[in-house]
Amino acid sequence: MRSNSTTTYGSVTKSFHWLIAALVITMIPLGIIANGMADADPLKPTLFSLHKTVGLFIFFVALARILWAVTQPKPAHLHPDRKAETFLATLVHWLLYASLVLVPLSGWVHHAATTGFAPVWWPFGQGLPGIPVSDTVAHTAASLHIIFERVLAASILLHVAGALKHHFIDKDDTLARMTFGHTEPHPAPIPTPSAKAAPAVAVGVYAAALAIGAGLGLFKQDKIEAEALAQAISQWRVEDGTLAISVLQLGSTVEGSFADWTAAITFDETSDADGKHGDVRVTVSIPSLTLGSVTSQAMGADFFNAEAYPTATYIADIFSEEDAYIAKGMLTIRDQSAPVELPFTLAIDGNTASMQGSTELNRMEYNIGTGTQPSEGSLAFPVGLGVTLTATRN
């Protein structure tokens, strides 16, 4: 029998129940194990990809399960006289249905709002319509994911405990009705008392869980705070621009940018006897970096060590080179300095200049990741650097 009756569950409902149970039993350990692994472990992104993919599958299966449930009669409780027990069972079911949608959905939003390793294994892209790539959105979604999964775990424990209690203590057919092969209907049950308050109480449980999560500081972003850099005073004033970096981690490109940086620029279209057109001094606020899913890792002691070294500097002279220009100087990160050449193109219209350039750095020259990522097995040595800016002549 595919459909439910007032006394037993049909084969479709049973299939949904046990499929979701198997997926959840798979997904939760995957997330726990992957989260506890070292960042350098090459297996970590694989487990996270599997965790995300299974979670997304649960989301769609849960939606189908709910749509099926609303079209089917619900078998009555076997002990409707036990009002408190009946109400708790109904409440747990509401929490389970909500959690099976909210947990994977919040994880999906977090994945879509960030960039980094561990893609979802499906052919429909990694983004989500209406969800921007945003560190704030990603952090909020991650916090919600943690809270929702705690509610899910508690609901599962209560659900399992109730089923075992019915099976071993009450010795009734509550658990048997959800197993394949159990076809004998229970005698016509007494109608179950209405539990209209259960959805409202479920909402209250979620509200309490969110309040507890907020009280524990889950929604606060652990970002190193640094004073905003003062505007550089120079011949050319930077009006806007982008300072972007890209790294290759475990075969996936992770892109990010620094939100706070200044440039003191001296430049003249005509060069001196040495071919020099001017000079530049760039100061970068390291804590202003956003680097997808690995932002926090990048701020750590083995990488940028932002607490100890909150700024990086690049001091260079500017020369012409064929149809373009090149800045030649020293870049200092973590008190480690190395020569860097930055080729760039420049277009000047009156007192407005537009510049675009890119180069490649070697993280090992600045002792970045030498402790936990000493080889290129998980994090490549080259780091891409791109600069665009518009400046006006003072």
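Glutamate 85 counts as partly exposed, at 25% relative accessibility. This residue is a useful starting point for a reader new to the structure, which is a predicted model.

**Salt bridges**

Glutamate 85 takes part in a salt bridge with lysine 165, and the closest N and O atoms of that pair are 2.7 Å apart. The two partners come from distant parts of the chain: glutamate 85 sits in helix H3 (residues 83-113) and lysine 165 in helix H4 (residues 135-170), with their positions 80 residues apart in the numbering. Lysine 165 is also partly exposed, at 25% relative accessibility.

A salt bridge also joins glutamate 85 to arginine 82, where the closest N and O atoms are 3.6 Å apart. Arginine 82 has a relative accessible area of 29%, so this residue is classed as partly exposed. Beyond these pairs, a network of salt bridges links Arg82, Glu85, Lys165 and Asp170.

Another salt bridge lies in the pair of glutamate 149 and arginine 150, whose closest N and O atoms are 2.6 Å apart. The two partners fall into separate exposure classes. Glutamate 149 is partly exposed, with a relative accessible area of 27%. Arginine 150 has a relative accessible area of 52% and is therefore exposed, the limit for that class being over 50%.

In total, the structure holds 8 salt bridges. The table lists three of them, including the two that involve glutamate 85.

| Salt bridge | Closest N and O atoms |
|---|---|
| Arginine 82 with glutamate 85 | 3.6 Å |
| Glutamate 85 with lysine 165 | 2.7 Å |
| Glutamate 149 with arginine 150 | 2.6 Å |

**The cavity**

The interior is the next topic. The count of cavities of 30 Å³ or more comes to 1. The largest cavity has about 770 Å³ of space. Its lining is made up of 46 residues, and the closest to its centre are Leu243, Val284, Leu331, Leu385 and Val387.

Which element gives the most to the lining of the largest cavity? That element is strand S10, which spans residues 379-393 and supplies 7 residues.

Sorted by class, the lining of the largest cavity consists of 41 nonpolar, 4 polar and 1 charged residues. The residues named as closest to the centre, Leu243, Val284, Leu331, Leu385 and Val387, are leucines and valines, and both of these types count as nonpolar.

Conventions
Residues numbered from 1 in each chain as written. Predicted model: local features only at pLDDT ≥ 70, side-chain atom pairs only at ≥ 80, totals over all residues. Heavy atoms only, no water. Salt bridge = Lys/Arg side-chain N within 4 Å of Asp/Glu carboxyl O. Buried < 20%, exposed > 50% of the residue type's maximum accessible area, 1.4 Å probe, protein only. Helix = DSSP H or I, 4+ residues; strand = E, 2+ residues; numbered from the N terminus. 1 Å grid on protein atoms, 1.4 Å probe; cavity = no way out; pocket = protein on both sides within 12 Å on 5 of 7 lines; lining within 4 Å. Points joined across faces, edges and corners; volume = space filled by probe spheres on them.
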